[in-house]
Amino acid sequence: MNRIKFLVPLLALFAMASCGQKNSYTINGQLQAENFDGNTIYLTDLVSGNAIDSTTLSNGTFTFNGVVDEAFIGRIAIAPNENGQSYYGICFVEPGTIFIDIFSDSLSGTPMNDAYYANFTNNNELLEYRNLLSEYYALYVGAATPEARKEVEKQYDSIDNLYMSATKTVAENVFNSNKNNILGAYALTMLADQMNTAEELQSKMNEAGEKVQSFAPLKSRLVMLESISKTAVGQKFTNLKGTDYATGNPTTLSAMIEGQVALVDFWASWCGPCRQEIKENLIRIHKTYAPKGLKVIGIDVNDDPVKHKTVTEDLGITYNQLIDNIDNSACDIYGINGIPHIILIAADGTILARDLRGDAIEEAVKEALAK
C-alpha cells in the first residue's frame with residue numbers, strides 16, 4: 001500500500017517535468033556592439049508589452065531560458081549605453097533553441113523563426129528595396145532646397161510603392177502557409193496595413209484559425225479600418241472635442257470649421273515630416289487662401305504641451321489648433337496610424353480628400369474653393 005501511495009505523485013511529477021521539457025525554449029543571442037557589455041537585456045511580449053525575462057550581456061552574448069504554453073512574439077532590447085544608443089530585435093518564442101543576432105538581424109533555430117528570416121529579413125528583393133530606401137532617405141535629409149527635396153521624395157515614394165508591393169506578395173505567401181499560428185498572424189498584420197476596408201480584412205481573418213483571429217494587433221487594425229470607412233472620402237466629417245490652443249478653452253472641430261472649406265492637419269511637434277509640411281506648405285496656404293474662405297486647422301495629437309508651444313512659435317503657426325487632450329481619440333476616430341495626415345472638408349461637411357501631401361494639398365484646396 002505504501003508503495004502505491006508514493007507511486008502516484010511520482011508519476012504526476014514525471015508528467016509535469018516532461019511537459020515542461022516539451023514546451024521549453026532557449027534563446028541564444030549575441031550583440032557584437034561596443035559599450036554594451038554588462039548592460040541589462042530584456043525579453044518582453046511584443047504585443048502585450050509584458051516583461052518576460054531579463055539577463056546581462058556578457059562578452060557580446062546572452063541567453064534566455066523558459067517554458068512557453070502559447071508561442072508569442074518576443075522583443076529583445078538592450079538598455080541604452082552611455083551615449084543613449086540602444087538595439088532591439090524580434091523573434092518568435094516557441095519550443096526549441098532559437099538563435100538571434102540583434103546587430104545583423106540574423107534569426108534561426110525553430111520553424112517560425114527560420115520562415116520569418118527567410119521570407120522577410122533575408123529576402124533578396126526586399127533587402128534591395130530597403131537599401132535603396134535608406135539611400136534616398138539620406139538624400140532627402142541632405143537636400144539643399146525644397147525643390148530638390150520634392151524630387152527626391154518622388155523617387156523615394158516610387159521605390160516605396162515597389163517595396164510595399166513586394167512585401168504584400170511575401171506576406172500573402174507566409175499567411176497562406178501559417179493560418180493558425182502567430183507567424184501567420186504577423187504576416188496578415190503586414191497585409192492589413194495595405195488594406196482599405198474592414199470587410200477585406202475580416203474576410204482574410206475568416207480564412208484563419210483562432211490564433212490568428214484573436215491576435216490583438218489584427219483586432220485593432222479591424223477597428224481602425226472601420227473608423228476609416230466612417231470617415232472616408234464622401235462621408236460627413238466626424239466632430240472632435242479638444243482644447244483651443246489659443247484660448248485654453250474646450251472647443252470642437254465643427255466650431256473651428258464654422259461651415260467653411262477646411263484643411264485639417266493631424267500632426268505633433270515630435271514629427272519631422274509634420275513640421276516640414278507645415279513649414280513648406282500649410283503656413284503659405286493659410287496666408288494665401290484664408291481670405292478666400294479656407295480654414296486651416298491643426299489637430300495636435302499625442303504631444304507634449306511645452307514642446308508643442310515651442311514648435312508652434314518657432315514655425316510661426318497662426319491658424320487655429322485643436323489640442324486632442326480630452327480623451328485622445330482623434331486618431332482612433334479617423335483611423336489614422338501615421339502623421340502628418342491632412343484631410344480636406346467641404347463647406348457642407350463632406351470629406352473631399354484624405355492623406356494629402358506636398359503639391360497635392362494646394363491643388364485640392366483650389367478645386368474645393370472653386371466649386
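Let me start with one residue pair: Y25 stands opposite G96 in β7. That pair belongs to a parallel pairing of β1 with strand β7, residues 96-101, over 6 bridges. Two strands count as paired here if DSSP finds at least two bridges between them. Strands are DSSP runs of E of at least two residues, helices are runs of H or I of at least four, and both are numbered from the N terminus.

Before going on, the source. This is a predicted model, in which local features need pLDDT of at least 70 and side-chain atom pairs count only at pLDDT 80 or more, while totals for chains, interfaces and linings use all residues. Residues are numbered from 1 along each chain as its sequence is written, and side-chain values use heavy atoms, with hydrogens and water left out.

Now the chain as a whole. The protein chain has 13 helices and 15 strands. Its C-alpha atoms fill a box of roughly 95 × 45 × 40 Å along the principal axes. Of the 371 residues, 43% count as buried; buried means under 20% relative accessible area, exposed means over 50%, and partly exposed is in between, with a 1.4 Å probe and protein chains only. The chain exposes about 19,500 Å², and carbon and sulfur atoms supply 51% of that. These areas come from the Shrake-Rupley method with a 1.4 Å probe, and for residues only the protein chains shown count as cover. Among contacts between residues at least 6 apart in sequence, 63% join residues at least 24 apart. A contact means heavy atoms within 4.5 Å.

Back to β1, residues 24-30. In a regular strand the side chains alternate between the two faces of the sheet. In β1, Y25, I27 and G29 point to one face and are buried, while S24, T26, N28 and Q30 point to the other and are not. Besides β7, β1 has β4, residues 61-67, as a partner: they run antiparallel and are joined by 7 bridges. The bridge partner of T26 in β4 is N65.

Next, β2, residues 40-45. Strand β2 pairs with β3, residues 51-56, in the antiparallel sense over 5 bridges, and I41 stands opposite T55 in β3. The two strands form a hairpin with 5 residues between them, and G49 in the turn has a positive phi of about 80°. Strand β2 is also joined to β5, residues 72-78, by 5 bridges, again antiparallel. There, L43 stands opposite I76.

Now two helices. Helix α2, residues 111-121, and helix α3, residues 124-142, pack at an angle of about 55°, with their axes 7 Å apart. Axes are lines fitted to C-alpha atoms, for helices over the stretch in contact, and angles run from 0 to 180 degrees between N-to-C directions. Angles under 35 degrees count as roughly parallel, over 145 as roughly antiparallel, 65 to 115 as roughly perpendicular and the rest as oblique. α2 and α3 are therefore oblique to each other. N119, F120 and T121 of α2 meet L126, L127 and R130 of α3.

Further along, S227 sits in helix α8, residues 216-230. Is S227 buried or exposed? At 12% relative accessibility, S227 counts as buried. Leaving aside neighbours within four places in sequence, S227 contacts D332, I333, Y334 and G335.

Last, the open sheet. Its 7 strands come in the order β10-β9-β13-β12-β11-β14-β15, with mixed pairing. β10 (250-252) and β15 (351-353) stand at the edges with a single partner strand each, so one side of each has no neighbour in the sheet. Neighbouring strands are turned by 40° against each other on average, direction ignored. Helix α10, residues 272-289, packs on this sheet and touches β11, β12 and β14 (341-345); its direction makes about 160° with that of β11.

Within the sheet, β11 (residues 261-267) and β12 (residues 294-300) run parallel, joined by 7 bridges. V261 stands opposite L294 in β12. L294 is buried, with a relative accessible area of 3%. Not counting residues up to four places away in sequence, L294 touches Q260, V261, A262, L263, I285, Y289, V365 and L369. Its C-alpha atom is separated by 38 Å from that of L218, 76 residues apart along the chain.
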